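Visitor: Hello! I am new to protein structures and would like to learn how to read one. Could you show me the one we will look at?

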Amino acid sequence: MGITLNSDERLDTVPGSCYKIIQNIKKFSYGTDAVLLANYCNVKRGSKVVDLGTGTGIIPLLLVGRFEADKIYGLEIQKDMAEMAERSIILNKLQDKVKIINMDLRNVSDFFKKESFDVVTSNPPYMVNGGGIINSDDNFSISRHEICATLEDIVKSAEFLLKDKGEFYMIHRPYRIADIIWNLRKYKLEPKSICLVYPKIGKKPNMVLIKGVKRGNPEVRFDDPIYVYNEDGSYTDEIYKIYRMNKEKNDG
């Protein structure tokens with residue numbers, strides 16, 4: 001099925017797959033955090049998955065290429081982003097596996113039955129509304145700041161959607177770790193594993209991956225840290241593996 005790109009759009013390859021994703025050069029595009037989050041997930045065969053705040057649809061596209069989930073939903077409040085994500089799904093002929101829904105994630109109870117999903121993922125806005133510089137472009141502001149949904153909104157929605165012992169995966173900023181753990185426990189999503197992501201050795205972590213299990217037992221482990229860059233600015237071997245890239249080819 002042919003897809004026509006708009007004037008500001010480009011077609012990129014989804015890392016580690018043969019799928020393509022439409023992105024708008026004037027709007028928020030996916031980054032390393034989305035790829036790290038998808039890699040951190042463990043989706044069992046036949047699972048139902050929902051991605052909260054899916055943006056361009058990158059998380060569903062990454063997950064459908066790596067796991068044999070039964071159905072993956074991507075929820076996105078911005079109509080133009082949801083429409084663009086939907087065109088990427090059509091382009092890749094994945095309509096039977098992935099469904100994009102233009103909706104406010106705070107209203108999940110109006111669309112889905114309680115405790116009907118095995119896995120919930122989210123790469124949410126990192127900045128508390130009112131903190132940092134607010135971009136005049138609404139798309140960037142919504143993607144970076146808690147304007148349309150707070151951290152608590154996301155965790156609350158995940159708790160509603162997840163089955164007992166269902167898994168919630170999220171990537172965020174380390175400085176929000178106290179807020180993250182407090183909200184997870186408030187909504188019965190017990191923190192089970194945490195992984196700190198560092199730009200390079202000797203630098204402070206700038207991302208944190210976390211897994212919560214609904215009504216899980218109170219025990220948390222720290223996974224081995226991830227380092228994104230070597231001292232010379234090249235990707236580490238682990239990042240090549242996560243992106244499923246051929247190091248020799250990319251090194252020229």
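Visitor: Which residue stands opposite I22 in β2?

Guide: That is L11. Before we go on, please keep in mind that this is a predicted model. L11 and I22 belong to a pair of strands: β1 (residues 9-13) and β2 run antiparallel and are joined by five bridges.

Visitor: Is β2 buried or exposed for the most part?

Guide: A general idea about strands helps here. In a regular strand, side chains alternate between the two faces of the sheet. In this structure, strand β2 (residues 20-24) has four of its five residues buried, so the rest of the structure largely encloses β2.

Visitor: How many residues lie between the strands in the hairpin of β1 and β2?

Guide: There are six, and G16 takes a positive phi near 75 degrees in this hairpin. The loop between β1 and β2 also holds S17. With a relative accessible area of 22%, S17 is partly exposed, because buried would mean under 20%.

Visitor: What does the side chain of S17 lie close enough to for us to list a distance?

Guide: Two backbone atoms can be listed. A polar atom of the S17 side chain is 3.0 Å from the backbone oxygen of V14, and one is 3.1 Å from the backbone nitrogen of Y19. Now look far along the chain: S17 and Y243 are 226 residues apart in sequence, yet their C-alpha atoms are 9.4 Å apart in space.

Visitor: How do I read a helix?

Guide: Start with the general rule. An α-helix has 3.6 residues a turn, so residues three or four places apart point the same way. Now try helix α3 (residues 79-91): its 13 residues reach 18 Å from the first C-alpha to the last, close to the 18 Å expected at 1.5 Å a residue. The buried residues of α3 are M81, A82, M84, A85, R87, S88, I89 and I90. Just after α3, K93 takes a positive phi of about 55 degrees.

Visitor: How many of the eleven residues of helix α5 are buried?

Guide: Eight are, so to speak, tucked away: helix α5 (residues 151-161) is mostly covered. Among the buried residues of α5 are L151, I154 and F160. Their cover includes β3 (48-52), β6, β7, α6 (177-186), β8 and β9.

Visitor: Which strands join β8 by bridges?

Guide: Let us take three of them. β8 and β9 run antiparallel, joined by eight bridges, and I194 has I210 in β9 as its bridge partner. β8 runs parallel to strand β10 (residues 221-222), with two bridges; there, S193 is paired with R221. β8 also runs parallel to strand β11 (residues 226-227), again through two bridges, and V197 stands opposite I226 in β11. As for cover, nine of the ten residues of β8 are buried.

Visitor: Which residues touch the most other members of the largest nonpolar core?

Guide: The general idea is that in soluble globular proteins, nonpolar side chains tend to be buried together. Here the largest nonpolar core has 38 residues, and L36, L63, L209 and I226 touch the most other members. Elements that each supply at least two residues of this core include α1 (32-40), α2 (58-66), β5 (98-102) and α7 (237-243). Apart from it lies another core, of 28 residues, including L52, F117, A149 and I210.

Visitor: What is I226 in contact with, leaving aside its neighbours within four places in sequence?

Guide: Its contacts are L36, C195, L196, V197, Y198, L209, E238, I239 and I242.

Visitor: Is S122 buried or exposed?

Guide: S122, in strand β6 (residues 117-122), counts as buried because its relative accessibility is 0%. The side chain of S122 reaches the backbone oxygen of L52 at 3.2 Å. Beyond four places in sequence, the contacts of S122 include L37, D51, I154 and F168.

Visitor: What is the average pLDDT of the chain?

Guide: The average is 90, and 87% of the residues score at least 70. Two stretches to read with care are these: pLDDT stays under 50 over residues 130-137, and below 50 over residues 139-147.

Conventions. Residues are numbered from 1 along each chain as its sequence is written. This is a predicted model: local features need pLDDT of at least 70, side-chain atom pairs count only at pLDDT 80 or more; totals for chains, interfaces and linings use all residues. Side-chain values use heavy atoms; hydrogens and water are left out. Buried means under 20% relative accessible area, exposed over 50%, partly exposed in between (1.4 Å probe, protein chains only). Two strands pair if DSSP finds at least two bridges between them. A polar contact is a pair of N or O atoms within 3.5 Å; within protein, one must be able to donate a hydrogen and the other to accept it, and residues adjacent in sequence count only if both atoms are side-chain atoms. Contact means heavy atoms within 4.5 Å. pLDDT is the predictor's confidence in each residue, from 0 to 100. The expected span of a helix is 1.5 Å times one less than its number of residues. A nonpolar core is a set of buried Ala, Val, Leu, Ile, Met, Phe, Trp, Tyr and Cys residues joined through side-chain atoms within 4.5 Å.
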